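Okay, quick one today. I want to walk through a ligand site. Here is the structure.

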Amino acid sequence: MKKIIVSAPGKLMLLGEHAVVYNKPCLVTAVDQRLRLTIEVLNIQEFQLDAPDVDTVNYKKQIVGIGKGNIPKGAKFVEFAIKNFLDRTPLTPFIRGIKITTKSEFSSRFGFGSSSASVVCVIKAMSELFNLNLSPKEIFDLSYKTVLDVQGAGSGFDVAAAVYGGTNYFIKGGKTIEPLTINQLPLIVGYSGVKADTVTLMSEVKEKANKYPKIIEGIYSSIEELVEFAKVKLLANDLRSFGELMNINQGYLNALGVSNNKLADMIYASRIAGAYGAKLSGAGGGDCIIAIAPEEKRISVEKAIQQAGGEVIKVKTNAKGVKIE
Ligand code: MEV
């Protein structure tokens, strides 16, 4: 039986979250903790899924029922990815059914984008299985459609990180995906211990924008300006300025209402311990903070994050995008 293994990296938002949902640019990096997916051909007309990291074991369904009925949370992204792929390219007499197994090097609670990484892996693996050789942009488009089908909103920055890897300047829906040639970033990641609900946070920000449209639009535009500026600073390897811009971005995220005490404690602790800058990364409300610090301050920043109640997660930036293993 044919078997293919693919892997895709997790991601961290560097700058520009939330504003990116409203067509402003963001900067995102792929991290070296990966999600691995195995696809096997079945000779029965079934879709089978084992994704223990998201509490889905021994999930089975008739191929005709894919995307229909009550789909458990842990199966949704993978099942809709298969559905969208099969709507484009139907099964053949040689590929009657498929079994998928996923295993992640990182917890789905970190906010590293395990759902998007699993969708991207499905599309890449199916493309390989059917000898389609889909381009990265085709993989991005089908994966982004899948994410929107499941969660209704989102910019697709996490999908871009999983497909392309590296560090990218990104605009919603892949209107721009510009790889930035930069060094490994001296990034320190602190996990808050709380899982953020991206969809809820996005809708809270939307409510705020409905109530105070001019003010929130002003914040998005300021974030846009700082992202443009930060991109230049990053390309010039001016990490001190980049860190200062992270701090400003954190101020705007605070104004949007997505920071909280735990995140703020870790952020201030990092700055006091010598980081150039620190901010929440992603939707807010939980997940992780990121700090950029000179190498000689790394240990004190890590300790400060731990003392503030966070868990330090070791990652390297600029990881490779989706690939066949
Ligand atoms: C969530 O990690 C980042 C948001 O900007 C949502 C998105 O871009 O899809 C809040």
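Start with serine 155. One of its polar side-chain atoms lies 2.6 Å from an oxygen atom of the ligand. Keep in mind that this is a predicted model. The protein covers 95% of the ligand's accessible area, which is 300 Å² for the ligand on its own.

Next, histidine 18. Here the backbone takes part: a polar backbone atom of histidine 18 is 2.9 Å from an oxygen atom of the ligand.

Now the full shell. Which residues are around the ligand? From the first part of the chain numbering, please note Lys11, Glu17, His18, Val20 and Val21 among them. Then come Gly154, Ser155 and Phe157, then Thr198 and Met202, and finally Gly282 and Ala283. By type, the shell splits into five nonpolar, five polar and two charged residues.

Where does the ligand sit? In the largest pocket.

On to the domains. Domain 1 is 3-182 + 319-324, and domain 2 is 187-313. Why does the ligand lie between them? Because both domain 1 and domain 2 give residues to the shell around the ligand.

Last, the domain pair itself. The C-alpha centres of domain 1 and domain 2 are 26 Å apart. In contact are 29 residues of domain 1 and 40 residues of domain 2.

How values were computed
Residues are numbered from 1 along each chain as its sequence is written. This is a predicted model: local features need pLDDT of at least 70, side-chain atom pairs count only at pLDDT 80 or more; totals for chains, interfaces and linings use all residues. Side-chain values use heavy atoms; hydrogens and water are left out. A residue is near a molecule or strand if one of its heavy atoms lies within 4 Å of it. A polar contact is a pair of N or O atoms within 3.5 Å; within protein, one must be able to donate a hydrogen and the other to accept it, and residues adjacent in sequence count only if both atoms are side-chain atoms. Accessible areas come from the Shrake-Rupley method with a 1.4 Å probe; for residues, only the protein chains shown count as cover. On a 1 Å grid over the protein atoms alone, a cavity is a set of points where a 1.4 Å probe fits but cannot get out, and a pocket is an open set with protein on both sides within 12 Å along at least five of seven lines; lining residues have an atom within 4 Å of a point. A molecule sits in a cavity or pocket if more than half of its atoms lie within 2 Å of its grid points. Ala, Val, Leu, Ile, Met, Phe, Trp, Tyr, Cys and Pro count as nonpolar, Asp, Glu, Lys and Arg as charged, and the others, Gly among them, as polar. Domain bounds come from an automatic or database domain assignment. Contact means heavy atoms within 4.5 Å.
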